[in-house]
Every structure is written in structure tokens, then in C-alpha cells.
Amino acid sequence: MQLIDTHTHLDFPDFDADRSELLARSRAAGVERLVVLGVYQGNWQRLWDLALAEDGIHAAFGLHPVYLEQHRTEDLDALRDWLQRLAGHPKLCAVGEFGLDYFIESLDRQHQQALFEAQLALAAEFGLPALLHVRRAHAATIATLKRFRLPRGGIVHAFAGSYEEAREYIRLGFRLGLGGAPTWPQALRLRKVAAQLPAEAIVLETDAPDMAPAMYAGLRNSPEHLPAICTALAELRGETPEALAAASSRNAAELFGWST
């Protein structure tokens with residue numbers, strides 16, 4: 001299987017001790033490309049250095065809602081500067097990770113919305129896909145996306161919504177990221193939705209180091225787990241792992257403008 005991990009945080013300190021070895025194992029397992037996503041201004045240079053240093057790693061830059069309190073107004077100007085400076089660079093693939101998080105009640109929703117819309121505007125301006133974090137905020141996210149209508153769409157990371165919400169995202173040009181969460185037997189609704197999704201809407205991800213799949217419970221998640229995730233999801237969907245791997249990689253390559 002040849003796979004693309006569309007959502008990782010390999011620049012995080014969790015991987016400092018063995019990042020090179022992990023990447024070698026991941027490539028040996030068939031993970032050809034990985035996307036590393038920025039979450040606050042302070043980690044953009046670190047992840048860009050990683051992308052430049054390693055074949056098959058691509059970068060996205062964004063301001064994550066969970067870090068809302070540490071983002072500053074000038075960080076949006078800095079994000080625009082980064083996107084402008086790197087426009088057209090083959091290692092730059094998207095704006096992200098950003099979005100709305102209504103799960104954490106202490107995060108100001110009005111502030112989140114303003115930051116969300118500002119980054120959607122940047123994705124539109126620079127013609128890049130948007131890699132979205134959406135937790136318990138699908139209605140607000142979908143309503144906002146209907147106003148912005150991004151030309152290149154993007155990915156709803158770790159999709160955990162309903163089938164009806166999935167259809168809305170697909171109509172708006174978005175793919176749905178599936179990773180470790182649907183591998184857990186107790187995730188009944190999510191497993192049912194994942195089994196129903198059209199193959200052309202799915203991209204695979206790990207969210208490493210977070211969201212470990214059931215077969216690696218309690219461990220640091222890693223791109224090298226993507227083949228096991230793919231196999232578990234394929235079984236859930238009643239297809240071969242090879243078919244799901246091929247479809248998800250094709251969808252990711254098409255979204256990011258990569259040759260397969």
C-alpha cells in the first residue's frame with residue numbers, strides 16, 4: 001500500500017528523540033507523503049525546517065482555535081507574510097490547522113469565528129486548501145463555508161459529524177479526514193458514518209502524536225500506524241485495504257495538486 005498521512009504534528013517535541021527513525025519506518029510501511037500542520041505562530045519555522053529537510057513532508061500554516069489565548073492580532077499579518085513569501089513553493093500545501101472548537105467551553109466563540117473567517121479569506125486569497133479543526137461546531141462551520149465558497153476546498157480533519165453533515169462538506173468541495181477514532185468499537189455512530197462515506201470523499205490521517213487507533217491504545221500515535229488504520233477502516237467499509245489506500249491517496253494528491 002502507498003499512503004498519504006494528511007494530518008500530523010511531527011514537529012512536536014514528542015518526536016524529538018526518534019523523528020528520523022520514525023520517518024524511516026513510516027516510509028518502509030508505505031507512507032510516501034505527510035502533511036505537518038502549524039498550530040501557532042511559534043511553531044511555523046520549526047515545521048518549515050522539517051519540511052525542507054525531509055523528502056515527502058509538506059507544510060501547512062495556521063492558527064489553531066485551542067491556542068486562541070496565545071494568538072495575537074499581528075499573528076494574522078505574520079501568517080499572510082508566510083503564505084505570500086512561500087507562494088508557489090512545492091512544500092507549501094495548505095492553510096491549517098484552524099477552525100472552530102465548541103467542545104472547550106472557555107474558548108470565546110466570537111473570537112474563534114473572527115479568526116476562522118480571517119484564515120478562510122487567506123486560503124481563498126492564496127488559492128490554497130483549508131485544513132480544518134471542527135469540534136461540536138459543524139453547523140457554524142458549514143454556514144461559514146457556504147459564505148466563503150473556497151475554490152480548492154480542503155479537509156475536515158478527524159471528521160466525527162453526521163452523514164448529513166458529511167454530505168454538506170462534500171458539496172462544498174471538502175474531503176473528510178479519517179484516522180484512529182473510527183477504529184474504536186465503541187464509536188458506533190462514527191463507524192456507521194465512515195462505512196457510508198463515498199470513497200472519493202475520504203482522506204486518511206493519524207493526527208500523530210494524538211488520536212491513537214484502538215490497536216495502539218495508550219501509545220504515542222505515529223504515521224507508521226497509518227497502514228493499520230487503513231486496514232481497520234477498509235474492513236469496516238467492506239473493501240480491501242489496497243482499494244481504500246489508493247482512493248484516499250488519489251483524493252489527497254488531487255486536493256494538494258500533487259502528481260501520483
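How many salt bridges does a search of the whole structure find? The search turns up 13. Keep in mind that this is a predicted model.

## Arginine 46 and aspartate 11

Let's start with arginine 46, whose side chain meets that of aspartate 11 in a salt bridge, 3.1 Å from N to O. Arginine 46 sits in helix H2 (residues 44–53), while aspartate 11 is in the loop between strand E1 (3–8) and helix H1 (19–28), so the bridge ties together parts that are 35 residues apart in sequence.

How exposed are the two partners? Aspartate 11 is buried, at just 2% relative accessible area, which is under the 20% cut-off. Arginine 46 counts as partly exposed, with 35% relative accessibility.

## Glutamate 125 and arginine 80

Next up is a pair between two helices: the side chains of glutamate 125 and arginine 80 form a salt bridge with an N to O distance of 2.1 Å. This one links distant parts of the chain, with glutamate 125 in helix H4 (residues 109–126) and arginine 80 in helix H3 (residues 73–85), 45 residues apart.

Both ends are partly exposed here: glutamate 125 has a relative accessible area of 42%, and arginine 80 comes in at 30%.

## A shared network

Some salt bridges share partners, and that joins Asp18, Arg25, Arg220 and Glu224 into one network.

Within that group, the side chains of aspartate 18 and arginine 25 meet at 3.9 Å, N to O. That still counts as a salt bridge because the cut-off is within 4 Å. Arginine 25 is partly exposed, with a relative accessible area of 36%.

Conventions. Residues numbered from 1 in each chain as written. Predicted model: local features only at pLDDT ≥ 70, side-chain atom pairs only at ≥ 80, totals over all residues. Heavy atoms only, no water. Helix = DSSP H or I, 4+ residues; strand = E, 2+ residues; numbered from the N terminus. Buried < 20%, exposed > 50% of the residue type's maximum accessible area, 1.4 Å probe, protein only.
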